[in-house]
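This report is written for a reader who has the sequence and the model at hand. Please look over both before reading on.

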Amino acid sequence: MTGRVLITGANGQLGRALMTLLGTRALGLGRHELDITSSDAVAALPWSSLSAVINCAAYTAVDCAEAEVEQAWAVNATGPALLARACAAHDVPLVHISTDYVFSGLVAEHAEDEPVAPLNVYGASKAAGELAVLAACPNAYVVRTSWVVGDGANFVRTMLGLRSRGITPSVVDDQFGRLTFADDLAAALVELVDRHAEPGIYHFSNSGDVVSWADIANELLPITRVSTAEYYAGRSGIAARPTHSTFDLRKIRAAGISPRDWRVALSEYVDKQREA
Ligand SMILES: NC(=O)c1ccc[n+]([C@@H]2O[C@H](COP(=O)([O-])OP(=O)(O)OC[C@H]3O[C@@H](n4cnc5c(N)ncnc54)[C@H](OP(=O)(O)O)[C@@H]3O)[C@@H](O)[C@H]2O)c1
């Protein structure tokens, strides 16, 4: 593939993983260099030199989104719509990242064709972004992911920080899924584009056994298991969360991409954090 791959939201967890993976192949722009909600900024991109766009920009503060509805929708729905229209006009493939939060989480495993039914503002804004991308850009990949761990604030880093301070945290034991390591997701996104996979929706997480947040935490430190209701008792403005975040990985495997076991990736990640 000639030309550079535009990475939006290049300073986020996934953006950083892609920048490391692609090196000089990438044109990485953080929020202050490219605000994806600005139609002028999107129009001014060097379109003729781009081979693909991977949209990692997102409003990801799930609880804050309940109050900041306009901001969440601007970044998660309007921005992707602008990128999708421009990608279609310039015949550039678009990879857009979405989330398990587009689902209500009532079924144990989510396939790509399950109807969306978001429980909260963040999920609704991401579902709207997916629809906008798929409607505007024929050469688009919408890749849903879950429980992302990369270079940035994430659950594993939080648990490691608590461990170093000798704290035994309460962790929810009634939300189930698998971790997704940003490096593995980044590699899968690039593979989809490089292999000219069929456009459409794909689910990607690491593989392995389905566990709760408490199970994952307990791999790292002693914890107290609590329900989601107990964890958030007495707090307002908390978004409802899906019980089941596990993805059916058959479609991504059929595309020739085999996610590794999350336990293998977790162990490697923890070792790297220790070295850092
Ligand atoms: N993290 C998860 O557990 C998780 C789970 C499922 C799906 N996802 C999806 O995976 C994707 C990547 O997530 P992530 O974990 O890498 O998120 P992240 O670390 O929060 O990164 C998102 C980036 O987008 C930037 N951004 C915000 N508004 C922007 C705008 N208007 N224009 C351009 N950039 C903007 C943010 O910049 P500032 O920090 O400066 O605001 C941030 O650098 C997102 O689509 C997210 O919805 C994430």
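The sections below describe the ligand and its surroundings, one helix, two backbone angles and one buried serine in this predicted model.

**The ligand and its surroundings**

The shell around the ligand holds 25 residues, of which Leu-14, Asp-35, Thr-60, Tyr-122 and Lys-126 come nearest. Sorted by class, this shell has 11 nonpolar, 10 polar and 4 charged residues. Three side chains place a polar atom at a short listed distance from the ligand, as the table shows.

| Residue | Ligand atom | Distance |
|---|---|---|
| Arg-31 | oxygen | 3.0 Å |
| Asp-35 | nitrogen | 2.9 Å |
| Lys-126 | oxygen | 2.7 Å |

On its own, the ligand has 900 Å² of accessible area, and the protein covers 79% of it. Three elements each give two or more residues to the shell: helix H1 (13-22), strand S4 (94-99) and helix H4 (121-136). Strand S4 provides the largest share, with 3 residues.

**Helix H6**

Helix H6 runs over residues 182-194 and has 13 residues. Does its length agree or disagree with the expected span? At 1.5 Å a residue the helix should span 18 Å, and its end C-alpha atoms are 18 Å apart, so the two values agree. The buried residues of H6 are Ala-182, Asp-184, Leu-185, Ala-186, Ala-188, Leu-189, Val-190, Leu-192 and Val-193. In an α-helix there are 3.6 residues a turn, so residues three or four places apart point the same way.

**Two positive phi angles**

Most residues other than glycine have a negative phi. His-196, which is not a glycine, has a positive phi near 50°. This residue comes just after H6, in the loop between H6 and strand S10 (200-203). Is His-196 buried or exposed? Its relative accessible area is 68%, and because the cut-off for exposed is over 50%, His-196 counts as exposed.

Trp-147 also is not a glycine and has a positive phi of about 50°. Its place is the loop between strand S5 (140-145) and strand S6 (148-149). With a relative accessible area of 8%, Trp-147 is buried, because buried means under 20%.

**A buried serine**

Trp-147 is one of the residues that Ser-212 touches. Ser-212 lies in strand S11 (residues 211-212). Its relative accessibility is 0%, so Ser-212 counts as buried. Leaving aside residues up to four places away in sequence, Ser-212 touches Trp-147, Val-172, Asp-173, Gln-175, Phe-176 and Arg-225.

Methods: Residues numbered from 1 in each chain as written. Predicted model: local features only at pLDDT ≥ 70, side-chain atom pairs only at ≥ 80, totals over all residues. Heavy atoms only, no water. Helix = DSSP H or I, 4+ residues; strand = E, 2+ residues; numbered from the N terminus. Buried < 20%, exposed > 50% of the residue type's maximum accessible area, 1.4 Å probe, protein only. Contact = heavy atoms within 4.5 Å. Near = heavy atom within 4 Å. Polar contact = N/O pair within 3.5 Å; in protein donor to acceptor, adjacent residues only side chain to side chain. Areas by Shrake-Rupley, 256 points an atom, 1.4 Å probe, with all protein chains shown as cover. Nonpolar A, V, L, I, M, F, W, Y, C, P; charged D, E, K, R; others polar. Expected span 1.5 Å × (residues − 1).
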